[in-house]
Amino acid sequence: MKRHRNVKIVATLGPASSSYEMIRALHEAGADVFRLNMSHGDHSEIQARYDIIRQVEKDCGGAIGILADLQGPKLRVGVFKNGEEMLEVGQDFRLDLKDEEGDSTRVKLPHKEIFDALEPGANLLVNDGKIRLKVKDCGRDFADCEVTVGGMISNRKGVNVPDVVLPVPALSEKDRKDLEFVCSLGVDWLALSFVQRPSDVEEARQLCNGRAAILAKIEKPAAVKAFDDILAVSDGIMVARGDLGVELPVANVPPIQKRLIRKCRAAAKPVIVATQMLESMIESPMPTRAEVSDVATAIYEGADAIMLSAESAAGQFPVEAVTTMNNVANEVESDPTYIEIIESQRRIAHETVADGIVSAAREIAEKTKIAAICCFSQSGTTALLVSRERPRVPIIALTTFERTARRLCLSWGVNTAMTDSVDRFKSAVIGAIRAAKAEGFAEESDKIIVTAGVPFNTPGSTNILRVAPCEERLIHNADSE
């Protein structure tokens with residue numbers, strides 16, 4: 001399905017968006033990738049949604065990406081005798097491992113690994129930071145805290161520990177089971193929650209064994225500090241602003257978002273901006289002006305994708321939320337200032353032949369009348385390099401692998417087309433011409449740029465660039481002379 005924008009839209013599925021009719025409506029409204037949240041829904045529900053997405057893909061034509069988002073380790077307090085207690089600023093409160101119901105002075109925290117890592121002075125955040133505790137003294141099975149921000153604490157509220165790197169694996173037992181399940185289904189991307197270190201990503205990659213691309217969610221201060229190393233071992237990144245805004249001062253989040261987006265682009269790896277983008281549309285058909293501005297900012301910064309969570313999963317207006325994102329994207333990308341910002345961020349990267357080829361393709365396309373840049377990409381690497389250039393003309397990635405086409409649905413400006421295997425560059429050029437015309441990106445009188453690699457069907461071998469007329473007769477005449 002041809003889009004008239006470059007940024008991609010990710011829509012989370014849930015109770016409000018589980019039927020064929022709704023999922024198709026979301027795709028037609030602008031959703032390029034669907035997110036399956038493994039925190040909600042059992043395996044039978046996840047499989048049903050997966051099957052519907054693939055049916056919509058078949059009926060509508062063109063690839064649709066599927067992202068499975070693992071829950072990650074959830075740290076929670078235990079239960080209270082009265083169900084809840086009010087904590088006052090300045091009072092003492094203990095967390096421990098005792099198998100007893102909590103009261104106004106203590107509650108169980110059933111995570112020994114937290115006590116092993118805590119030190120006096122560390123902060124603990126309960127219920128998304130609504131309650132804050134400062135550790136005064138701690139041992140192997142307790143932490144005596146002072147309440148610095150009070151409020152009502154109740155059963156099984158979540159706990160964040162922003163000041164220390166916890167010796168907690170990124171993959172819980174549930175995550176391991178979910179990972180195997182969604183990989184066997186055939187999802188395209190796997191998102192890892194609460195990543196703290198590169199080894200978290202490497203563990204998941206080993207378990208995936210090439211069946212899905214790995215996307216690291218950046219939602220902890222430790223991940224921000226280790227970001228360069230995490231990016232190096234990841235296929236993509238999600239700036240998950242929800243927990244990041246809990247564990248860090250909220251004023252820190254916008255500059256972090258901008259910095260991470262630019263680093264991802266420099267590395268030619270897709271980056272999603274997520275959480276609370278159109279939060280008010282859970283209950284309202286219209287977003288706030290601030291939310292629209294937030295979405296626009298992510299697009300101006302050059303994010304590959306923007307994501308809806310509860311807005312499309314559980315909200316009352318899922319189609320309207322996707323439509324709003326689509327409309328904002330079209331408006332921003334038609335702004336001359338957008339082009340200036342995107343191009344000012346471009347870095348010259350000529351480390352490989354492929355870097356030089358795609359840079360030359362973009363420059364030729366912008367200085368002459370070129371309808372599209374068509375790249376043959378088996379692994380998707382060349383398409384990602386072209387995407388990094390952020391050219392002013394459409395990008396068409398031609399591949400023989402459906403898996404590659406689906407993964408590229410997350411990348412800025414990339415339109416995908418399936419093609420037969422080719423063994424001669426002339427055949428590749430003709431295939432690119434036909435795809436560009438069939439997808440509506442070029443007409444008979446236009447010219448396109450074609451990049452490919454010889455030998456064919458070898459990942460990372462891009463070494464040829466040709467400016468080709470879209471009239472096939474001219475190709476045959478030129479090659480026969």
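**View 1. Strands β1 and β2 run parallel and are joined by 4 bridges.** Strands here are DSSP runs of E with at least two residues, helices are runs of H or I with at least four, and both are numbered from the N terminus. Two strands count as paired if DSSP finds at least two bridges between them. Look for L13: its bridge partner in β2 is L36. To get from β1 to β2, the chain goes through helix α1 (residues 20-29), and this β-α-β crossover is right-handed. Right-handed here means that, with the strands pointing away from the viewer, the path from the first strand over the helix to the second runs clockwise. This is a predicted model, in which local features need pLDDT of at least 70 and side-chain atom pairs count only at pLDDT 80 or more, while totals for chains, interfaces and linings use all residues. Residues are numbered from 1 along each chain as its sequence is written, and side-chain values use heavy atoms, with hydrogens and water left out.

**View 2. Strand β2 (residues 33-37) is mostly covered.** Of its 5 residues, 5 are buried; buried means under 20% relative accessible area, exposed means over 50%, and partly exposed lies in between (1.4 Å probe, protein chains only). V33, R35 and N37 point one way from the strand, while F34 and L36 point the other way. On to the next neighbour: β2 pairs in the parallel sense with strand β3 (residues 65-69) over 5 bridges. One pair to pick out is N37 with D69, its bridge partner in β3. The chain makes this step through helix α2 (residues 43-60), in another β-α-β crossover that is right-handed.

**View 3. Helix α2 has a set of buried residues that pack against several elements.** The buried residues are I46, R49, Y50, I52, I53, R54, V56 and E57. Their packing partners are β1, α1, β2, β3, α4 (173-185) and α16 (402-407); contact means heavy atoms within 4.5 Å. What span should the 18 residues of α2 have at 1.5 Å a residue? The expected figure is 26 Å, and the end C-alpha atoms are 26 Å apart, which agrees. (The expected span is 1.5 Å times one less than the number of residues.) Just after the helix, G61 takes a positive phi of about 80 degrees.

**View 4. Zoom out, and 8 strands close into a barrel with parallel pairing.** The order is β1-β2-β3-β12-β13-β14-β15-β16. From one strand to the next, the twist averages 25 degrees. Helix α5 (residues 198-208) packs on the sheet and touches β12 (189-192) and β13 (213-218), with its direction at about 155 degrees to that of β13. Helix α12 (residues 318-333) also packs on the sheet, touching β1 (8-13) and β16 (305-308), and its direction makes about 160 degrees with that of β16. Axes are lines fitted to C-alpha atoms, for helices over the stretch in contact, and angles run from 0 to 180 degrees between N-to-C directions.

**View 5. I237 lies in strand β14 and is buried, with a relative accessible area of 0%.** L215 is 22 residues away in sequence, yet the two are 5.1 Å apart in space, C-alpha to C-alpha. Leaving out residues up to four places away in sequence, I237 touches L215, A216, I218, F227, L231, C264, P270, V271 and I272. β14 (residues 236-240) pairs in the parallel sense with β15 (residues 271-274) over 4 bridges. In β15, A274 is the bridge partner of A240.

**View 6. The largest nonpolar core has 89 residues.** A nonpolar core is a set of buried Ala, Val, Leu, Ile, Met, Phe, Trp, Tyr and Cys residues joined through side-chain atoms within 4.5 Å. F34, L190, L192, I299 and I306 touch the most other members. Helix α12 gives the most to this core, with 6 residues. A second, separate core of 28 residues includes V147, I153, L166 and V168.

**View 7. Elsewhere, 5 strands form an open sheet with mixed pairing.** Its order is β19-β18-β17-β20-β21. β19 (414-418) and β21 (462-469) stand at the edges with a single partner strand each, so one side of each is left without a neighbour in the sheet. β17 (residues 373-376) and β20 (residues 447-453) run parallel, joined by 3 bridges, and C374 has V450 as its bridge partner in β20. Helix α14 (residues 353-367) lies across β17, β20 and β21, at about 20 degrees to β21.
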